[in-house]
Amino acid sequence: MDISIRRLRKEFDRYPALHGVSLDIASGELLALLGPSGSGKTTLLRLIAGLEFPTSGAVFFGAEDASQKSVRERNVGFVFQHYALFRHMSVADNIAFGLRVRDRATRPPEDVIRRRAAELLELVQLPQIGNRFPHQLSGGQRQRVALARALAIEPQVLLLDEPFGALDAKVRKELRRWLRELHERTGHTTVFVTHDQEEAMEMSDRVVVMGQGRIEQVGAPDEIYDRPASAFVHGFIGDSSALSVTVDRGEVFLGRRSLGPLAAGLPDGPARMLLRPHDLELTAQSAGAIAGRIAAVRRHGGARMIELEVGDKGERLEVAVPASTPICPEPVQAFRPLRWQIYPAG
Ligand SMILES: Nc1ncnc2c1ncn2[C@@H]1O[C@H](COP(=O)(O)OP(=O)(O)O)[C@@H](O)[C@H]1O
Ligand SMILES: [Mg+2]
């Protein structure tokens, strides 16, 4: 099911939580809504689900305007972070719930419902736990049952709001891989919300980066990481440091020192230079190098992270060098930027 979101605006007490967001989601896509807390991710998901109605704008499911339709009419399945299973129902009854509450005309016969619940338990790799109760399951198992329950109604669209948010890091990582594989098998159009960039980058076909009720960028994970559209996206995705620089006819100045013609085509004036830790190399003091005082050195996996204090504003630049690099005792070091992005200040 294709979903088309057109200039969707949502105000709560006249405060806009979404400012006219437009987005096309392709059938079968696994899409992540990623952004800091309060950026409007849940609001957008609830508007797609029909749990909330827009102040203006529309949501299309295929060619049909679904904006005023109910959750049930839209036939969406959803899972939330704290979406409790019904405590007094067995796992199988939890999964069957959405089918049993249908009116008689659309409700499948009881034996079909039972078979479907058993198939879904197979699908989420929890066969033979149908008779257990939620309190007898681990957190990861509960979220998989919640997902089976969402899938039971054969939804056109699956909406997940931080489904693994409450679980510990290791279980989350397993469930991520598992959900990706499940998605590949079932092919549901899936939109999931996360504030965890690693989760978004690892799992999804495309990532929608949100900030303050707006879409900042939409793209494949590589695109978002390698060509961030704004300083906000650059800073939010992956590690990066920002330096205040000045652009003058394409030449970039850090204080009064020129770093060279790095900003062709950018307007003159104050700008932000963003650099990822692995995108600099140790060099001798020379023209074009960024020099600074080493403020801290720490080990980080296979790399050594150096925090360099740069310029007269005391800005910090984080640089990763191989752990084998001998760090000379001199407190001042210079690094050559290999890759960078420059954005107008603002
Ligand atoms: N029901 C509501 N009533 C009033 N304000 C709300 C409501 N839901 C969300 N908001 C506000 O809308 C903004 C976006 O919230 P939300 O969509 O939950 O963000 P996210 O999921 O990205 O953390 C926030 O400022 C939040 O306080
Ligand atoms: Mg949220």
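Ser39 offers a polar backbone atom 3.1 Å from an oxygen atom of ligand 1, and Gly40 does likewise at 3.0 Å. Thr43 joins in through its side chain, with a polar atom 2.6 Å from an oxygen atom of ligand 1. The protein covers 61% of the 560 Å² of accessible area that ligand 1 has on its own. Keep in mind that this is a predicted model.

**Around ligand 1**
- The residues around ligand 1 include Phe12, Tyr15, Ala17 and Pro36, and Lys41 and Thr42 are also among them.
- Strand S2 (15–25) and helix H1 (41–49) each put at least two residues into that shell.
- H1 makes the largest contribution to the shell, with three residues.

**Helix H3 and the surface patch**
- Phe86 sits in the loop that runs between strand S6 (76–80) and helix H3 (91–100).
- With a relative accessible area of 31%, Phe86 counts as partly exposed.
- Phe86 teams up with Phe97 and Val101 in a nonpolar surface patch, and together they have about 220 Å² of accessible area.
- On the buried side of the ledger, H3 has Val91, Asn94, Ile95, Ala96 and Leu99.
- Those buried H3 residues pack against helix H4 (110–123) and helix H5 (139–152).

**Ile224**
- Ile224 belongs to helix H8 (residues 221–226).
- Its relative accessible area is 0%, so Ile224 is buried.
- Setting aside neighbours within four places in sequence, Ile224 is in contact with Val207, Val209, Gln217, Val218, Gly219, Val233 and Ile237.
- Arg104 is 120 residues away from Ile224 along the chain, and their C-alpha atoms are separated by 48 Å.

Conventions:
Residues numbered from 1 in each chain as written. Chains lettered and ligands numbered in written order. Predicted model: local features only at pLDDT ≥ 70, side-chain atom pairs only at ≥ 80, totals over all residues. Heavy atoms only, no water. Patch = residues over 30% accessible without salt bridge, like charges linked within 9 Å, V, L, I, M, F, W, Y side chains within 5 Å. Areas by Shrake-Rupley, 256 points an atom, 1.4 Å probe, with all protein chains shown as cover. Salt bridge = Lys/Arg side-chain N within 4 Å of Asp/Glu carboxyl O. Helix = DSSP H or I, 4+ residues; strand = E, 2+ residues; numbered from the N terminus. Buried < 20%, exposed > 50% of the residue type's maximum accessible area, 1.4 Å probe, protein only. Contact = heavy atoms within 4.5 Å. Near = heavy atom within 4 Å. Polar contact = N/O pair within 3.5 Å; in protein donor to acceptor, adjacent residues only side chain to side chain.
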